[in-house]
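Let's take a walk through this structure together. Keep the 3D view open and turn it as you read.

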Amino acid sequence: MRKIQILWADDEIELLKPHIIFLENKGYEITTVISAQDAIDECKQKHFDVVILDENMPGLSGLECLLEIKKENPSLPVIMITKSEEEDIMEQAIGHKISDYLIKPVNPLQILMSLKKVVNSQEIIMEKTTVNYRAEFMRISNEISDKLSSEQWKKLYKDLVFWEMELEQADENMLEMLQMQKQEANAAFSKYIKNNYEKWFQGDPNKPMMSPDLFKNKVFPLLDKGEKVFFVLIDNLRLDHWRVIQKELSSLYEFVEDDTYFSILPTATQYARNAIFSGLMPEQIKKMYPDLWVDEEEDEGKNLNEESLIRHQIERFRRRFTFSYNKINTNQALEKYNDQLNSLMENDLNVVVFNFVDMLSHARTEVKLFRELAPDEAAYRSLVKSWFKHSPVSEFFRTLAKHKIKVILTTDHGSIRVKNAIKVVGDKNTNVNLRYKLGKNLAYNKKEVFAITNPSSIYLPSPNISTNYIFAYNADFIAYPNNYNYYVGYYKDTFQHGGISLEEMIIPIIKMNPK
């Protein structure tokens with residue numbers, strides 16, 4: 001096993017021999033120098049894992065040495081040791097991105113703890129995380145086999161997302177163990193939806209909060225109290241995506257409600273988002289506002305009437321709120337929207353839809369480069385985080401926080417990386433989505449899909465009297481027999497939505513108060 005290489009720069013290094021011997025006995029290999037310039041020269045000639053740097057040395061100061069070392073190797077960890085407790089020196093050192101800061105006199109154990117924190121922390125954390133997940137594995141497996149309620153499924157999925165992100169850098173065996181448990185959970189969740197979904201629309205008191213309930217349960221109560229609210233919907237945002245965004249927002253907001261809800265079926269924008277903004281199920285929208293619903297086979301855009309649906313929902317609940325609605329698809333449009341924020345804050349409610357994450361998902365399917373950049377869930381999360389940090393959306397949230405505006409952040413559905421193709425035969429009018437189909441002449445294996453022969457039972461519209469809906473389970477996707485191998489090869493491992501999985505159906509709804 002390779003020894004950790006340490007460079008220790010101190011003009012009184014001879015007095016530190018006991019410390020050095022202690023660390024060498026712990027397995028570290030230490031190179032010593034007595035000046036800042038010597039430290040700089042050594043770093044140019046040899047690889048070190050960490051530098052221990054005295055702040056007060058003759059010639060170049062420790063801070064000047066730190067700057068030169070960082071110019072050559074920005075990622076090299078540096079532990080600074082100083083006699084001074086002056087706040088200014090501490091701030092300068094922190095500003096130069098030191099890894100730790102110790103004040104003399106220091107004992108060998110302090111140095112050892114600092115080295116473990118700086119050099120070995122990731123290894124120690126991963127080892128502890130692995131042990132903790134092994135202990136949790138059986139508990140989660142036992143829960144999966146139980147008959148869970150909707151609230152228990154929400155909690156279980158949160159646990160799985162937590163462990164997925166904690167084990168992001170784990171070895172292949174541990175990640176495979178987690179993936180198998182997720183597959184097991186999705187198989188059980190699919191059975192749960194198959195057994196309960198129709199009951200939820202027949203007066204079942206255990207029905208969870210779903211897409212049409214968001215405004216009634218989350219938005220109107222705040223507006224009724226006189227609060228000004230921004231309702232922010234990021235299309236196709238999974239729970240794990242929210243977790244990486246949450247870290248970026250944590251310095252600006254308190255998350256007073258960090259909840260999830262169930263998307264309706266199909267978990268697709270046309271159905272789920274229209275249900276959110278109307279407060280109605282799709283069949284109800286078509287009956288009450290036939291001019292605002294667009295059937296699958298029609299060429300017209302399926303989400304062009306969202307502003308009207310919001311207005312009708314507000315009127316139906318006999319509210320008189322002023323509101324705005326905007327859909328943002330480009331950074332240029334978002335920059336323009338940010339310029340208007342001060343005037344928009346006069347409204348009681350502002351609704352904004354960001355389509356960026358959904359666009360990432362489609363680009364990953366259609367553009368080979370994006371598929372290479374995001375081969376798995378961890379890389380996909382990284383892309384979402386990068387978009388959030390470097391796009392004008394960060395400025396948007398900073399501005400709202402500065403003006404003490406409450407935010408409800410949510411999404412319309414999630415997505416799942418599909419793996420297994422199932423064959424379905426349909427006529428030319430069958431829709432193109434890979435996770436659900438509707439049509440009047442569908443041929444399929446009943447064991448492979450959740451089939452709804454009476455769409456009205458779950459409040460879905462029927463373009464034809466004999467229309468059926470079918471939904472794919474787990475990581476399955478629907479392929480036609482024609483050109484089957486090409487179709488499977490092209491779509492396998494892409495992120496899709498519309499069907500039944502934890503990732504698509506259990507999605508975030510967050511109430512955020514500015515700090």
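What you're looking at is a predicted model. Start with two helices: H7, which covers residues 150–166, and H10, which covers residues 239–249. They pack with their axes 10 Å apart, at an angle of about 60 degrees. Angles of 65 to 115 degrees would count as roughly perpendicular, and those under 35 degrees as roughly parallel. H7 and H10 are therefore called oblique to each other. Rotate the view a little and you can look for the handedness too: H7 passes H10 in a right-handed crossing.

So which residues meet where H7 and H10 touch? On the H7 side, look for Tyr157, Lys158, Val161 and Met165. Across from them, H10 brings in Leu239, Asp240, Arg243 and Val244. Sort this contact by class and you get five nonpolar residues, three charged ones and no polar ones.

Now leave the helices and scroll along to a sheet. This one is open and has three strands, in the order E13-E15-E14, with antiparallel pairing. Which strands sit at the edges? They are E13 (436–439) and E14 (449–452), and each of them pairs on one side only. From one strand to the next, the twist averages 15 degrees.

Let's zoom in on one pair of neighbors. E13 pairs with E15, residues 468–472, in the antiparallel sense, over four bridges. To find a bridge for yourself, pick out tyrosine 436: its bridge partner in E15 is phenylalanine 471.

Conventions:
Residues are numbered from 1 along each chain as its sequence is written. This is a predicted model: local features need pLDDT of at least 70, side-chain atom pairs count only at pLDDT 80 or more; totals for chains, interfaces and linings use all residues. Side-chain values use heavy atoms; hydrogens and water are left out. Axes are lines fitted to C-alpha atoms, for helices over the stretch in contact, and angles run from 0 to 180 degrees between N-to-C directions. Angles under 35 degrees count as roughly parallel, over 145 as roughly antiparallel, 65 to 115 as roughly perpendicular and the rest as oblique. A crossing is left-handed if the near helix is turned anticlockwise from the far one by less than a right angle, and right-handed if clockwise. Contact means heavy atoms within 4.5 Å. Ala, Val, Leu, Ile, Met, Phe, Trp, Tyr, Cys and Pro count as nonpolar, Asp, Glu, Lys and Arg as charged, and the others, Gly among them, as polar. Two strands pair if DSSP finds at least two bridges between them.
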